[in-house]
Amino acid sequence: MKNSIFCSFLILAFAILVLPAQAQNKIKIKDIKGCAFAGTLPKGVAFSASALPGDEAQGLRDTIVSLGGIITDEILLRAADSVKNALATVYENKRYILYNPDFLRQFKQENDASWKAYSVLAHEVGHHALRHNLGETDCNARKKNEREADRYAGMVLRRLCATREQSLAALKSLPSSQPVGSCYPSIVLRKKETGEAFDAQDSIYKAQPKLDPCVEKVSNIQLMYKVPESIKNTNARANVFNDRVEFMIDIPFTRKRSKVFTHIVVDEKAGELTNIKSFRWKDNPYVPGSKTLVWDFKKDGLDRARAEKLGLLNVCSFDKNPARTTKMELLGWGLMTTAGAGLLTWGGITFGQSQDLLSTYKQYTNVSAAQYAPPNNSRTSTKNEADAKLTQSVFVGIAGGVLFTWGLNKLIKRSVRNKRTFILIPNH
Ligand SMILES: [Zn+2]
């Protein structure tokens with residue numbers, strides 16, 4: 001019984017001491033002053049005093065601040081549901097940007113929606129970075145501040161690699177006329193300020209392209225892998241971009257050549273390269289001429305650093321699509337070689353016999369010598385037989401030689417082809 005009373009007391013103590021402490025962690029501002037991008041401030045806001053754990057907005061703020069080129073004090077980012085998109089304010093001498101988490105989720109989308117979100121956030125960061133008085137009540141001073149924040153956003157958006165159009169997307173999504181009594185410049189003027197700041201940053205980069213983070217840097221790679229069977233694999237070139245490699249190959253036209261077979265060729269040892277899938281030909285790879293192939297290596301799970309070291313890859317053209325030789329074909333060439341060797345042996349033996357007969361014919365001039373023993377042999381018939389065997393040996397020898405050379409040649413070539421160490425990537 002005592003225990004349960006003690007427990008009740010503990011729960012009560014917890015409720016009194018801890019719960020109000022949690023409530024104190026919420027900051028409530030009833031009469032908020034500052035800039036809401038769309039121009040209308042909410043009547044009041046409530047937000048957590050501490051940032052959301054793992055809040056990605058912090059990273060976006062840091063990116064924008066670093067791109068702004070202005071050193072700022074800490075700008076506190078806090079999620080607040082009653083804010084339409086984002087607003088900048090100062091509360092108890094701390095600089096805040098309050099944002100709607102739903103609005104910020106647009107950052108994850110890869111279209112103009114993310115640029116709108118960037119613009120809004122950059123504008124609000126701009127107010128803090130430029131140390132504006134966010135409680136300013138003079139309307140003209142407010143308008144001047146808004147124009148400066150818009151310029152800040154235009155400059156940052158160019159540094160973030162948005163297009164001019166994308167840098168204006170957020171302003172374009174606002175109603176074209178400001179509410180009565182608004183201390184914001186007209187949308188036309190705001191777009192003009194943003195656009196001009198974008199252009200100013202753009203001309204700085206145009207004058208010094210090396211400074212422009214948005215210029216795609218191209219690197220050339222040497223394609224080292226040689227393929228003996230290809231028509232030409234020495235003139236293939238490759239340029240590496242951030243997300244793709246572009247291969248170029250010139251396949252010469254000849255009178256004989258109206259069709260070719262062009263492939264990516266990969267060394268068998270090249271591991272992950274043998275799984276190349278995400279590529280497309282800009283031209284028909286089966287007709288000679290200048291060909292370009294684009295390979296989106298990121299889709300195949302490679303990064304740029306790996307793509308820049310592609311020594312085990314090439315783009316090659318072949319007169320015939322090199323296919324592996326079947327066992328039946330190899331057996332055929334083997335039989336032909338054996339038959340040729342057999343004929344050669346037979347020709348050699350026959351030649352030997354003809355030489356023996358000729359030697360007998362020359363050695364024994366007496367027609368009735370014992371070597372021309374009856375019943376059928378005579379000196380003349382021995383000579384004839386020697387001549388016949390010589391002729392036979394020549395024909396059989398030549399035939400055997402041809403068959404043997406031809407068969408052996410094919411056997412070696414076809415076997416070597418089977419042992420090749422490259423893989424042709426099929427053109428889908
Ligand atoms: Zn503003």
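In the hairpin formed by strand 5 and strand 6, where two residues lie between the strands, Glu92 adopts a positive phi near 50°. Strands here (E, at least two residues) and helices (H or I, at least four residues) are DSSP runs, numbered from the N terminus. The model is a predicted one, in which local features need pLDDT of at least 70 and side-chain atom pairs count only at pLDDT 80 or more, while totals for chains, interfaces and linings use all residues. Residues are numbered from 1 along each chain as its sequence is written.

The automatic or database domain assignment divides the protein chain into domain 1 (21-211), domain 2 (219-318) and domain 3 (327-423). The centres of domain 2 and domain 3, taken over C-alpha atoms, are separated by 51 Å.

**Strand pairing**

Two strands are said to pair if DSSP finds at least two bridges between them. The pairs described here are listed below, each with one pair of facing residues.

| Strands | Bridges and sense | Residues that face each other |
|---|---|---|
| Strand 2 (35-36) and strand 5 (86-91) | two, antiparallel | Ala36 and Leu87 |
| Strand 5 and strand 6 (94-99) | six, antiparallel | Ala88 and Ile97 |
| Strand 8 (237-240) and strand 9 (245-251) | four, antiparallel | Arg237 and Met248 |
| Strand 10 (261-267) and strand 14 | four, antiparallel | Asp267 and Phe422 |

Strand 8 and strand 9 belong to an open sheet of five strands, which has the order 7-8-9-12-11 and antiparallel pairing. Strand 7 (219-221) and strand 11 (279-281) stand at its edges with a single partner strand each, so one side of each is left without a neighbour in the sheet. On average, neighbouring strands of this sheet are turned by 20° against each other, direction ignored.

Strand 10 and strand 14 take part in another open sheet, made of three strands in the order 13-10-14, again with antiparallel pairing. Strand 13 (313-318) and strand 14 (422-425) are the edge strands, each pairing on one side only. The twist from one strand to the next averages 40° in this sheet.

**Helices and their packing**

Helix 5 (residues 139-159) has 21 residues and spans 30 Å from its first C-alpha to its last, close to the 30 Å expected at 1.5 Å a residue, where the expected span is 1.5 Å times one less than the number of residues. After helix 5 comes Cys161, whose phi is positive, near 75°.

The axes of helix 5 and helix 8 (residues 187-207) come within 7 Å and cross at roughly 40°; such axes are lines fitted to C-alpha atoms, for helices over the stretch in contact, and angles run from 0 to 180 degrees between N-to-C directions. Helix 5 and helix 8 are therefore oblique to each other, given that angles under 35 degrees count as roughly parallel, over 145 as roughly antiparallel, 65 to 115 as roughly perpendicular and the rest as oblique. The crossing of helix 5 and helix 8 is right-handed, a term used if the near helix is turned clockwise from the far one by less than a right angle, whereas an anticlockwise turn is left-handed. Among the residues making the contact are Arg147, Asp150 and Arg151 of helix 5 and Arg190, Glu193 and Thr194 of helix 8, contact being counted if C-beta atoms, placed from the backbone, lie within 7 Å.

Helix 10 (residues 327-363) and helix 11 (residues 379-418) pack at an angle of about 155°, with their axes 6 Å apart. That makes helix 10 roughly antiparallel to helix 11, and the crossing in which helix 10 passes helix 11 is left-handed.

Notes: Contact = placed C-beta atoms within 7 Å.
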